[in-house]
Amino acid sequence: MTGLFDYSHAIVRTPGASVIGGLRDGGGPDPDLAALMDEHAAYCMALSSLGVAVSILPPLEAFPDSVFVEDVALVFGKGAVRLRPGAPSRAGEVDHIGAALAPHFDRVLSLEGPGHADGGDILTLTDRVIIGLSARTDRAGAEALVGLLAALGLKGEITDTPKGVLHFKTGCSLLDEETVFVVPALAECAAFAGLRKILTPPGEEAAANLLRVHDRILMGAHFPQSLELVARYGIEPLPLPVTHIGRVDAGLSCMSLRWAAPRG
Ligand code: CIR
């Protein structure tokens with residue numbers, strides 16, 4: 001059986017220059033485009049260096065946030081789902097990602113309206129898929145998604161995302177199949193019952209969105225306490241620069257769609 005983090009394939013999208021005008025939850029300085037492009041290239045190289053076959057899609061200037069491919073689709077070994085992102089400016093990204101998924105998946109399901117769901121709100125565990133309600137994912141979208149997951153043989157579980165946290169996974173990630181790295185505001189989430197919880201160090205809540213790939217953890221290079229904590233936990237971190245892409249609210253998971261293609 002393939003483990004949760006044994007990805008064979010990933011899809012990423014090169015940012016367009018329009019990414020500078022991407023949606024932002026808070027204020028802060030604009031990203032520097034050249035630095036952001038370098039960060040994205042380093043992210044793609046990190047995935048490749050871990051043995052993942054990375055398909056790089058061309059930029060979509062009309063969609064400033066289209067680099068965040070994780071939000072517009074869900075992918076599993078047994079099929080994919082086109083989502084309905086909650087931000088109106090992102091709705092048009094779905095047809096583009098659908099076209100990119102078609103060559104890789106025999107089954108591509110589509111979330112139908114009126115609800116919305118963003119991939120950033122969806123955390124896949126070994127036994128179920130957690131869907132966090134947020135400003136982007138509403139109850140109707142989450143319930144419709146539970147139905148699509150069932151069609152793929154997966155169990156969906158709906159939970160809440162604390163106010164002020166953009167996406168469910170802005171506040172948590174899996175370190176391993178039983179351990180979640182989580183911001184204090186999300187630590188008591190009922191969906192985490194039975195999981196080991198490790199809290200983000202004070203001041204490093206933004207490190208919560210990390211990405212485990214095989215036996216490494218991709219994590220922002222500017223989170224020294226979190227890097228040390230993960231290393232002490234026994235998983236070697238792979239620090240990456242994400243300062244500029246982080247200014248448009250990126251984490252490590254949102255820049256790729258990853259899956260393990262069935263063997264044979
Ligand atoms: C947005 O607000 O949609 C983008 N600027 C950032 C999306 C980040 N995605 C994620 O955390 N899954």
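Gly115 sits in the loop that links β5 to β6 (122-124). This is a predicted model, and Gly115 is a handy place to start looking around it. From there, this briefing moves on to a set of paired strands, a helix and the ligand.

**Gly115 and its surroundings**

- Gly115 is buried in this model, and its relative accessible area is 2%.
- If residues up to four places away in sequence are left aside, Gly115 touches Arg84, Asp138, Ala140 and Gly141.
- Thr137 is 22 residues from Gly115 in sequence, yet the two C-alpha atoms are 7.7 Å apart in space.

**Strands β3, β4 and β5**

- Strands β3 (residues 73-76) and β4 (residues 79-82) run antiparallel and are joined by four bridges.
- To get from β3 to β4, the chain goes through a hairpin of two residues.
- Leu74 has Val81 of β4 as its bridge partner.
- Val81 also has a bridge partner in β5, namely Leu109.
- The pairing of β4 with β5 (residues 108-110) is parallel and has three bridges.

**Helix α4**

- Helix α4 spans residues 224-233, and its buried residues are Ser226, Leu227, Leu229 and Val230.
- These four lie on the same side of α4, because the arc they cover around the axis is only 165 degrees.
- Pro224 and Arg232, on the other side of α4, are exposed.
- Several strands help to cover the buried residues of α4, including β9 (172-176), β10 (179-182) and β11 (196-199).
- Strands β13 (216-220) and β14 (236-240) are also among the elements covering those residues.
- Gly234 comes just after α4 and has a positive phi of about 110 degrees.

**The ligand and the residues around it**

- The residues around the ligand include Leu23, Asp65, Phe68, Glu70, Asp71 and Arg90.
- Also among them are Gly120, Arg136, His167, Val248, Asp249 and Cys254.
- With Leu23, the contact is made by the backbone: one of its polar backbone atoms is 2.8 Å from a nitrogen atom of the ligand.
- Asp65 uses its side chain, where a polar atom lies 2.7 Å from a ligand nitrogen atom.
- His167 has a side-chain N or O atom 3.2 Å from an oxygen atom of the ligand.
- The ligand taken alone exposes 350 Å², of which the protein buries 98%.

How values were computed:
Residues numbered from 1 in each chain as written. Predicted model: local features only at pLDDT ≥ 70, side-chain atom pairs only at ≥ 80, totals over all residues. Heavy atoms only, no water. Buried < 20%, exposed > 50% of the residue type's maximum accessible area, 1.4 Å probe, protein only. Arc of directions from axis to C-beta. Contact = heavy atoms within 4.5 Å. Near = heavy atom within 4 Å. Polar contact = N/O pair within 3.5 Å; in protein donor to acceptor, adjacent residues only side chain to side chain. Areas by Shrake-Rupley, 256 points an atom, 1.4 Å probe, with all protein chains shown as cover. Pairing = 2+ DSSP bridges.
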